[in-house]
Amino acid sequence: MNYVSLLIEFLRGRPAAVFWGATLTQAVLWTLVPTLFYGAPPGEVPLVLAVGREFVLGSYLGPPLAFWLAECAFRVAGMFGVYALAQAAIVLTYWAVFALGRAIVGRRHALLAILLMVGIAAFTVPSVNFGPGILAAPFWALALLFYWRALAEMRRGYWFLLAIDLGLLLLSNYVGAILVVLLIVFTLATAPGRRALRDPEPWVSVLLFAVVIFPHAAWLYRSRDLVLSGLDANDVLTGAWSPAVWLGMTLLLAHIGLLLLVALASGWPHSRREHAPEIDRNPAAAFARVYVYVFALAPALTAIALAFAGHKLGPLASIAPLLVLSGLAAVVAAGDRLLLYREALVSSAWMVLLVAPPLLVVVTLVFSPWVVSTDLAIAQPASAEGHFFADNFQRRTGKPLDYVSGDAHMAPLIALGAPARPHVYFAWAPARSPWATADDLKTHGGVLVWGANDSAVTPPDFLKPQFPDMVAEVPHSFSRAVQGLLPPIRLGWAVLRPTPTPAPAHQ
């Protein structure tokens, strides 16, 4: 008699419970770890919140929805709210893929597809860095689910949900345009798609889609030069590589964990006598297999082609939306009878992929300052820095701090840590912050900040021409939560005093 592990029994008998247990565990880990251990938000989150604070219809970084939602989450629950919002986006992505997988390969194989997604790096460590790319992932996955239900299952009401979802996708990230075009091509190229166009719902949904995106589209028409100027914002990521090569390598490396799980589960090489539990399903229809393969591969290939043709990354640096069907594609390719070899080793490897990254982050934050001289951005004491500059400005001027500018990295971080949430003026690229000008800082006062690795007080070159009357202060030092052998963080700064209001003339 063959022994069947408890894991296999859960996969076979309680797939929904395993799904929610796995996804919520990942969400809790990646919400609590940054909340408890990060001194500063990762990546571009401070910049996202600096833009979101203004509630503009768009910015050089793209459409507004991610910025608005991040700002709302921050106002409700601080950085915990932002981290929770990021993980809610990941959980919703998983749920949409799980629901699509149930319709195509059944509950058990759909669950295996979700478990494989834990091995896709874009949905784990970088998911804390909330922004347009993370928010686009659930809308992308929901679009594929709604489109399947409308097209393959002929549930025509889903055309309207698809239209709203695609509108929200484009309000999250311009990379969604790739999916919109692919859906149009797929509809015209397939018999079910052409048949669906005989019904009124797809055509009415086009009008609904236009209504959703119209306000931003009108803004985009007026501000296209600003958006085009921001296409090079992510090119620094590529280094010496071309954008297309960097994107291709990043997409490949993001699948390392998934490929590891697939290799272990295949049991290769294994003897003929070696037994493996079988998780079967009803055969997937040919159209369903084509659907999964097309929308798993075509978005990534299209993005690489665009990066090659345009020699820029732009919104294509947000790879998470391009990978939402990778796990489901792997399961569909494995066949209707999936043999799970070495399930104990596979489950251990999966648990490592789930738990090890957040634990490694904690260990790195605690021990790396004692071992290496690398200064981690997430170890920056953002709250202490923001309070220092805000308090200093208020003591000197008697007014709350309304504006911050200076270094492109430090200014958004200081504004985030300051109690009054001042506006951030992008002195390094003034056209990209139309909500503030240098004259606003001169009139209302503000603080300029920049990194100072030594005792020098020289500000960045772009500040003095804009603020010729600025007087740099002695750099101030800040300590990290775990200082170790690292030198203190030193920040240069200057206070711009408000322009005195003329006294009213006496009659």
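Helices (H or I, at least four residues) and strands (E, at least two) are DSSP runs, numbered from the N terminus. On that basis the chain of this predicted model holds 19 helices and seven strands. Local features need pLDDT of at least 70 and side-chain atom pairs count only at pLDDT 80 or more, whereas totals for chains, interfaces and linings use all residues of the predicted model. Residues are numbered from 1 along each chain as its sequence is written, and side-chain values use heavy atoms, with hydrogens and water left out.

**Overall dimensions**
- The radius of gyration, taken over C-alpha atoms, is 26 Å, which agrees with the value near 23 Å for a compact globule of 507 residues, the globule rule being 2.2 Å times the number of residues to the power 0.38.
- Along its principal axes, the C-alpha trace of the chain spans about 95 × 60 × 40 Å.

**Helix packing around α4**
- Helix α4 (residues 65-117) packs against helix α5 (residues 132-151) at an angle of about 30°, with the axes 8 Å apart, where axes are lines fitted to C-alpha atoms, for helices over the stretch in contact, and angles run from 0 to 180 degrees between N-to-C directions.
- That angle makes α4 roughly parallel to α5, since angles under 35 degrees count as roughly parallel, over 145 as roughly antiparallel, 65 to 115 as roughly perpendicular and the rest as oblique.
- The contact of α4 with α5 has 26 nonpolar residues, one polar and one charged; Ala, Val, Leu, Ile, Met, Phe, Trp, Tyr, Cys and Pro count as nonpolar, Asp, Glu, Lys and Arg as charged, and the others, Gly among them, as polar.
- The axes of helix α2 (residues 15-37) and α4 come within 9 Å and cross at roughly 160°, and α2 and α4 are therefore roughly antiparallel to each other.
- In the contact of α2 with α4, 19 residues are nonpolar, five polar and one charged.

**Second largest pocket**
- The second largest pocket encloses about 600 Å³, a pocket being an open set of points on a 1 Å grid over the protein atoms alone, where a 1.4 Å probe fits, with protein on both sides within 12 Å along at least five of seven lines; grid points are joined across faces, edges and corners, and a volume is the space filled by probe spheres set on the points.
- Its lining, made of residues with an atom within 4 Å of a point, comprises 27 residues, of which L112, L115, L116, L340 and V346 are the closest to the centre of the pocket.
- The largest share of this lining, six residues, comes from α15, and the lining of the second largest pocket divides into 22 nonpolar, four polar and one charged residues.
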